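Here is a short, friendly tour of one protein chain. Have the viewer open and follow along as we go.

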Amino acid sequence: MSEPRAEATRIRDHVQRLGERHPPVDLASADYSLVDPAAVRERFGHVMEYMARVEMEVERNVLELATLLPGVSDTDRAFYADVWGPQEEHHGILLDTLTQRLGMPPVVANTGEVPARVRVLGALAHLPVVHEVIRLLYYLTGAATEKSAMLAYQAMSDGLGEMGETAVKRTVVDAIKVQEPGHFAFYRLSAQEMVQSGAISGWQLHLARLLRSRSYGLVGAGTREQRADFGGVVVELGLDEELERNVRDISRVETQLLWAHQQGLQVPAYALAAFRDAAAMYRERRGASVLAA
Ligand SMILES: [Fe+2]
Ligand SMILES: [Fe+2]
């Protein structure tokens, strides 16, 4: 039993290091000067608005987490309350400020109410066996979300660089971008630890597969409208050009942990379908608005 304990210590140390090395980005360090605000708004306005909302909604995510996982460990709590939450909150403020500088309205985020779906799962989570399944799904969702954010900020950073917008590239987008891999690593290590230590049984893994494939969701996309908005992020960042490869990257942790028995599976079909549908919904909406104009 020494291996899982060593792994748990490694995760705790990782969280502590993240907290020490990555305090929330200093809001005063951002330089919002722009060479061509209209061009930045045209190319990235929608993406930045979406990302700002998702980053700001961590406030609600923290509430949801407390409901979902009533029995979290000290390491989990330290991560989301002391490290991840405060960092993401500043990411949201930085992006919201930037979009307002581009002449867009303040971002409207849902930071308050916990959805009924989450409350129901939270009630079930008082059963320890279910709690552990939900905990695994929380880590897998976190890994996919953080990897999506890494790809999005990389594409934004590259684009702003090409446009010569070095101030916002460096002090806003890159400042945010460097904090995401540490979040991803936390979720990946935590999910791996649960499965590889044998803490989760065969039927719990089976339940996790079932729930994941039935309830897969794209970050920040609870409604149909928001799914099309998410599709807009995918299309406008050019991530749809190699969609399968990108979704494979985003899903790698769950492919390895949930679907290892399906030899050779590259990417879970439910994940690829969710991204494809969102991109198609966005294109359809864009087509409709062009026709209406
Ligand atoms: Fe973030
Ligand atoms: Fe993050």
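Let's start with helix α8, which covers residues 180–196 of this predicted model. How far apart should the ends of its 17 residues be? At 1.5 Å a residue the expected span is 24 Å, and the end C-alpha atoms are indeed 24 Å apart, so the two values agree. Several α8 residues are buried: E180, G182, H183, F186, Y187, R188, S190, A191 and M194. Just after α8 comes G198, whose phi is positive, at about 80°.

One of those buried residues, G182, leads us to another helix, because L18 touches both G182 and V83 once residues up to four places away in sequence are set aside. L18 sits in helix α1, residues 2–21. Is L18 buried or exposed? With 22 other C-beta atoms within 10 Å, L18 is buried, since the cut-off for that label is 20 or more. For a sense of distance, try drawing a line from L18 to M163: they are 145 residues apart in sequence, and their C-alpha atoms are 32 Å apart in space.

Another pair worth picking out is α2 and α6. The table sets out the two helices and the residues through which they touch.

| Helix | Residues | Residues making the contact |
|---|---|---|
| α2 | 37–56 | R43, F44, V47 and M51 |
| α6 | 128–162 | A152, M156 and G159 |

The axes of α2 and α6 lie 12 Å apart, and the helices pack at an angle of about 150°. That angle makes α2 roughly antiparallel to α6, as angles over 145 degrees count that way. The crossing of α2 past α6 is left-handed.

Now zoom out to the whole protein. Which elements does it contain? There are twelve helices and zero strands, so reading from the N terminus on you meet α after α in the order α-α-α-α-α-α-α-α-α-α-α-α. The radius of gyration is 19 Å, close to the 19 Å that the globule rule gives for 293 residues, so the protein is as compact as a globular protein of that length. Taken along the principal axes, the box filled by the C-alpha atoms is roughly 60 × 45 × 35 Å.

Two percentages round off the picture. Of the 293 residues, 38% are buried. Among contacts between residues at least 6 apart in sequence, 84% join residues at least 24 apart. The L18 contacts with V83 and G182 are a handy place to look at such pairings in the viewer.

Methods. Residues numbered from 1 in each chain as written. Chains lettered and ligands numbered in written order. Predicted model: local features only at pLDDT ≥ 70, side-chain atom pairs only at ≥ 80, totals over all residues. Helix = DSSP H or I, 4+ residues; strand = E, 2+ residues; numbered from the N terminus. Expected span 1.5 Å × (residues − 1). Buried ≥ 20, exposed ≤ 12 C-beta atoms within 10 Å, placed from the backbone. Contact = placed C-beta atoms within 7 Å. Rg over C-alpha atoms; globule rule 2.2 N^0.38 Å. Axes fitted to C-alpha atoms, helices over the stretch in contact; angles between N-to-C directions. Parallel < 35°, antiparallel > 145°, perpendicular 65-115°, else oblique. Left-handed = near helix turned anticlockwise from the far one by under 90°.
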